[in-house]
Amino acid sequence: MTPQRQLVVDAVRALGHATPEQICTRVQETAPAVNITTIYRTLELLERIGLVRHTHLGHGAPTYSEQEHQHVHLVCHHCGSVAEAPTDLMDQLAARLRDESGFTLDATHVALSGRCADCAEDADADPTDSTEQETDR
């Protein structure tokens with residue numbers, strides 16, 4: 001493990017879920033010469049050897065977290081918040097997919113989209129809120 005790779009691992013651990021750009025910013029606090037290309041290459045290597053994993057939480061860059069950090073991501077399309085839920089919530093879906101199509105679901109690599117509790121409450125309180133209709137188009 002080179003010092004630069006260790007800095008990337010440390011940044012992923014400290015940030016929880018982070019894009020390569022966020023990881024780069026964190027690494028550059030200690031090692032300003034490290035560039036984004038090095039970060040991408042290092043993340044790719046760390047994923048191949050099983051130290052980190054990536055998840056796509058939306059249309060932007062993937063986010064990286066530690067391999068052991070396994071859960072389903074709940075992404076609010078209204079405010080952008082990301083919450084976590086236990087992977088066992090997906091057990092019935094995984095079983096049905098396996099039974100009906102032979103597909104094996106990796107529930108640790110899933111992001112579900114919708115509205116968080118706060119945004120759903122706000123939408124219920126304001127029936128004139130058309131943000132969801134505009135977002136879904």
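Biologist: Since buried means under 20% relative accessible area, what percentage of the 137 residues of the protein count as buried?

Modeller: This is a predicted model, and the cut-off of under 20% relative accessible area decides which residues are counted as buried. Applied to the 137 residues of the protein, that criterion gives a buried share of 29%.

Biologist: In what order do the helices and strands run from the N terminus on?

Modeller: The protein has six helices and five strands to be placed in order. Read from the N terminus on, these elements follow one another as α-α-α-β-β-β-β-α-β-α-α.

Biologist: Is His71 buried or exposed?

Modeller: His71 lies in the loop between strand 2 (63-66) and strand 3 (72-76), but its place in a loop does not settle the matter. The relative accessible area of His71 is 6%, and the limit for a buried residue is under 20%. Because its value of 6% falls under that limit, His71 is buried.

Biologist: Which side chain is joined to that of His71 by a polar contact of 3.0 Å?

Modeller: Two polar contacts of the His71 side chain can be considered here. The one with the side chain of His73 has a length of 3.1 Å, whereas the contact of 3.0 Å is made with the side chain of His17.

Biologist: Leaving aside neighbours within four places in sequence, which residues is His71 in contact with?

Modeller: Contact here requires heavy atoms within 4.5 Å. With neighbours within four places in sequence left aside, the residues in contact with His71 are His17, Glu84, Ala85, Thr87, Ala107, Thr108 and Val110.

Methods
Residues numbered from 1 in each chain as written. Predicted model: local features only at pLDDT ≥ 70, side-chain atom pairs only at ≥ 80, totals over all residues. Heavy atoms only, no water. Helix = DSSP H or I, 4+ residues; strand = E, 2+ residues; numbered from the N terminus. Buried < 20%, exposed > 50% of the residue type's maximum accessible area, 1.4 Å probe, protein only. Polar contact = N/O pair within 3.5 Å; in protein donor to acceptor, adjacent residues only side chain to side chain.
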